[in-house]
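This report covers a predicted model. It takes up an internal cavity and a sheet in turn.

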Amino acid sequence: MTVTHDTHTAHAAGRQLRTEVEHSGTAPDMAAAAALLEMGDRLGVLDVITPGRTFDSAAVAAAADVPEEGAGRYLQALESAGLIEPAAAGGPAFRVAPDFDVILHRAGYISWTMNANRPFIEHAREFLTDPVAAGEIYGRDGRQVAVSSQWMGSLAFYPAALDVIFHAKPRRVADLGAGTCRLLIETLEKFPDATGVGLDLSSGACDAAREAVRNAGMAERLTVVERSIQSIAEDPGPVEGADVIHAGFVFHDMMPEEEAVADKVLANCREALQPGGIMAITDAVPYLRNDRERRFSAIVTYYHRQFMGRKLLSVDEWEAKLLEAGFSQVETVELGFPTGRLFVARR
């Protein structure tokens with residue numbers, strides 16, 4: 001076989017490009033993992049394919065209501081991708097890979113940025129021309145927003161919030177914008193005598209939350225309420241008597257048009273708390289410029305400002321707002337989640 005100079009050059013260029021791509025990080029891995037995990041979520045099998053459990057094609061087929069042959073091919077893809085592994089050599093059962101939680105967390109960034117916000121990408125021209133009209137036509141999938149946010153938050157902002165909540169040793173916890181109620185479920189697992197209530201406006205998120213609550217055996221202790229956060233301004237009943245009130249990435253939904261309502265919600269939460277109680281608010285702050293947070297902060301801020309018409313508050317603005325609501329002190333925690341901050345306000 002004769003190898004021409006052009007072929008040598010092409011091989012050399014290919015090796016150089018491959019090296020540069022490999023140095024660019026894990027984008028191909030995460031894109032593949034995100035696709036496979038989103039399929040699992042849509043199939044309803046991620047409660048089966050979960051750490052601490054073994055599962056086989058029959059269990060996955062039953063959860064997804066699909067033929068076992070199809071479930072087996074899906075598991076084959078997961079195993080080939082390194083997301084799951086055989087539970088025993090040569091056996092039919094599987095378990096998740098040791099780094100499954102880390103992969104799920106990283107895939108959440110892709111799922112949220114690209115798919116939960118898909119209407120903004122596909123209809124960017126309409127949103128740039130008339131954002132109000134476009135927003136009335138092209139809505140996001142609330143369930144996908146909740147699930148992808150849960151994946152991102154699993155290692156990036158849930159641990160910090162849970163640390164604060166656990167330290168308070170609560171008997172009653174309220175979560176505003178609870179999504180799938182993961183944070184509440186983990187809290188009630190830690191404190192068997194505690195009760196909780198999760199509020200969310202999305203019917204899809206509430207349906208997923210109720211299913212998660214049933215699966216966790218907490219239907220008697222954890223109530224899911226489908227209503228807006230704004231409703232707390234008029235009826236603070238769901239948060240009355242709580243030791244801890246948490247709100248994750250929901251207050252900015254009231255800014256700027258309903259900022260007065262947000263202020264009333266904060267004040268009512270402060271009054272509803274037990275003496276010594278805390279309010280823990282996780283939210284995004286705008287356009288950070290440090291190397292770690294710069295790019296993700298840019299897309300989060302841009303999505304919210306341009307496509308959702310939302311105002312993100314700075315750290316100084318958040319601290320001032322909480323003190324004005326009557327809280328005695330506020331602590332700000334920088335999160336692993338780029339652009340995220342946790343504000344801990346004490347009654």
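## Cavity lining

Helix H9 makes the greatest contribution to the lining of the largest cavity, giving 4 residues. Two elements supply two or more residues each to this lining: helix H2 (27-43) and helix H9 (142-156). The lining residues are Glu-38, Asp-41, Arg-42, Ser-111, Gln-144, Val-147, Ser-148 and Trp-151. Sorted by class, 3 of the lining residues are charged, 3 are polar and 2 are nonpolar.

The largest cavity encloses about 50 Å³ of space. The structure has 1 cavity of 30 Å³ or more.

## Sheet order and edges

Seven strands form an open sheet with mixed pairing, in the order E5-E4-E3-E6-E7-E9-E8. Strand E5 (222-226) and strand E8 (329-334) are the edge strands, each pairing on one side only. On average, neighbouring strands of the sheet are turned by 15° against each other, with direction ignored.

## Pairing of E3 and E6

Within the sheet order, E3 stands next to E6. Strand E3 (residues 172-176) pairs with strand E6 (residues 244-248) in the parallel sense, over 4 bridges. In this pairing, Leu-176 is placed opposite Ala-247 of E6.

## Helix packing on the sheet

Helix H15 (residues 315-324) packs on the sheet. The strands touched by H15 are E7 (278-284), E8 and E9 (340-346). The direction of H15 makes about 150° with that of E8, which is one of the edge strands.

Notes
Residues are numbered from 1 along each chain as its sequence is written. This is a predicted model: local features need pLDDT of at least 70, side-chain atom pairs count only at pLDDT 80 or more; totals for chains, interfaces and linings use all residues. Side-chain values use heavy atoms; hydrogens and water are left out. Two strands pair if DSSP finds at least two bridges between them. Axes are lines fitted to C-alpha atoms, for helices over the stretch in contact, and angles run from 0 to 180 degrees between N-to-C directions. Contact means heavy atoms within 4.5 Å. On a 1 Å grid over the protein atoms alone, a cavity is a set of points where a 1.4 Å probe fits but cannot get out, and a pocket is an open set with protein on both sides within 12 Å along at least five of seven lines; lining residues have an atom within 4 Å of a point. Grid points are joined across faces, edges and corners, and a volume is the space filled by probe spheres set on the points. Ala, Val, Leu, Ile, Met, Phe, Trp, Tyr, Cys and Pro count as nonpolar, Asp, Glu, Lys and Arg as charged, and the others, Gly among them, as polar.
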